[in-house]
Amino acid sequence: MTATAPRPLATRKQDTLDRLEHDIDAWVATASPEGTPYLMPLSFLWNGTHLYLATATTNPTAKNLHLNPLLQLTLGTLRDVVHITATTDPTQPTPTEAQAFATKAGFDPRPLPNYPFIRATPTKIQAWQEANELKERTLMTNGTWLI
């Protein structure tokens, strides 16, 4: 296998934004106050600044985020990863965003009781395809794009 050159950071950022716009589902990791991890696949909507997720309040993900508003969210495959660290809050999407979520996900949580949206604000975003991109994998830190 011939090694390819790492993608320029601007390309990696654009590839990441494309994934956020077009991917439907992500793996979402949370932890209980005791530190017990929980991993759950959830659909999401990216509005250019935040991700909106939705899950039942009885789901361990929602319970964990209620007590510890930090999550890790991963898109892609082993050799094309976007890894996001985010803080969450219960801010609801606009009606347009909620409809866009329902259309994209093929699922509308709005009519369901106890199924709120969760807004995730990225604080750190990393992206890489191969080991040659690991050194400069961080594209966002402290909520600010580096490029």
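Which residue of E4 does Ala29 stand opposite? The partner is Gln72 in E4. The structure described here is a predicted model.

## Strand pairing

Strand E1 (residues 25-31) pairs with two strands. With strand E2 (residues 37-46), E1 pairs in the antiparallel sense over 7 bridges, and Val28 is placed opposite Met40 in E2. The two strands E1 and E2 form a hairpin with 5 residues between them; Gly35, in the turn, has a positive phi of about 95 degrees. With strand E4 (residues 70-77), E1 is again antiparallel, over 3 bridges.

From E4 the pairing continues to E5, to which E4 is joined by 8 bridges in the antiparallel sense. Leu73 has Ile84 in E5 as its bridge partner, and the E4-E5 hairpin has 2 residues between its strands. E5 pairs in turn with E6, antiparallel and over 9 bridges, with Ala86 opposite Pro122 in E6.

## The two faces of E1

The side chains along E1 alternate. Ala26, Val28 and Thr30 point to one face and are buried, whereas Asp25, Trp27, Ala29 and Ala31 point to the other and are not buried. Val28, which faces Met40 of E2 across the strand pair, thus belongs to the buried set; Ala29, opposite Gln72 of E4, belongs to the set that is not buried.

## Salt bridges

The model contains 8 salt bridges. In one of them, Arg7 and Glu133 bring their closest N and O atoms to 2.8 Å. Arg7 lies in the segment before helix H1 (9-22) and Glu133 in the loop between E6 and strand E7 (138-141), so this pair ties together parts that are 126 residues apart in sequence. Both ends are buried: Arg7 has 13% relative accessibility, and Glu133 has a relative accessible area of 2%. Arg7 and Glu133 also belong to a network of salt bridges that includes Arg12 and Asp15.

A second pair, Arg79 and Glu130, meets at 3.1 Å, N to O. Because Arg79 is in the loop between E4 and E5 and Glu130 in the loop between E6 and E7, the pair ties together parts 51 residues apart in sequence. Arg79 is exposed, at 51% relative accessible area, while Glu130 is partly exposed, at 28%. A further salt bridge joins the side chains of Arg119 and Asp89 (3.0 Å, N to O). This pair links strand E6, which holds Arg119, to strand E5, which holds Asp89, across 30 residues. Arg119 is buried, with a relative accessible area of 19%, under the 20% cut-off; Asp89 is partly exposed, at 23%.

## The largest pocket

The largest pocket holds about 210 Å³ of space. Elements that give two or more residues to its lining are helix H2 (60-67), strand E5 (80-89) and strand E6 (117-128). H2 gives the most, with 4 residues. The lining includes Ala62, Lys63, Leu65 and His66, together with Thr57, Pro69, Thr88, Asp89, Pro90, Pro116, Phe117 and Ile118.

By residue class, the lining divides into 7 nonpolar, 3 polar and 2 charged residues. Asp89 is one of the lining residues, and Asp89 also forms the salt bridge with Arg119. The strands E5 and E6, both named among the contributing elements, are the pair joined in the antiparallel sense over 9 bridges.

Methods. Residues are numbered from 1 along each chain as its sequence is written. This is a predicted model: local features need pLDDT of at least 70, side-chain atom pairs count only at pLDDT 80 or more; totals for chains, interfaces and linings use all residues. Side-chain values use heavy atoms; hydrogens and water are left out. On a 1 Å grid over the protein atoms alone, a cavity is a set of points where a 1.4 Å probe fits but cannot get out, and a pocket is an open set with protein on both sides within 12 Å along at least five of seven lines; lining residues have an atom within 4 Å of a point. Grid points are joined across faces, edges and corners, and a volume is the space filled by probe spheres set on the points. Ala, Val, Leu, Ile, Met, Phe, Trp, Tyr, Cys and Pro count as nonpolar, Asp, Glu, Lys and Arg as charged, and the others, Gly among them, as polar. Buried means under 20% relative accessible area, exposed over 50%, partly exposed in between (1.4 Å probe, protein chains only). Two strands pair if DSSP finds at least two bridges between them. A salt bridge is a side-chain nitrogen of Lys or Arg within 4 Å of a carboxyl oxygen of Asp or Glu.
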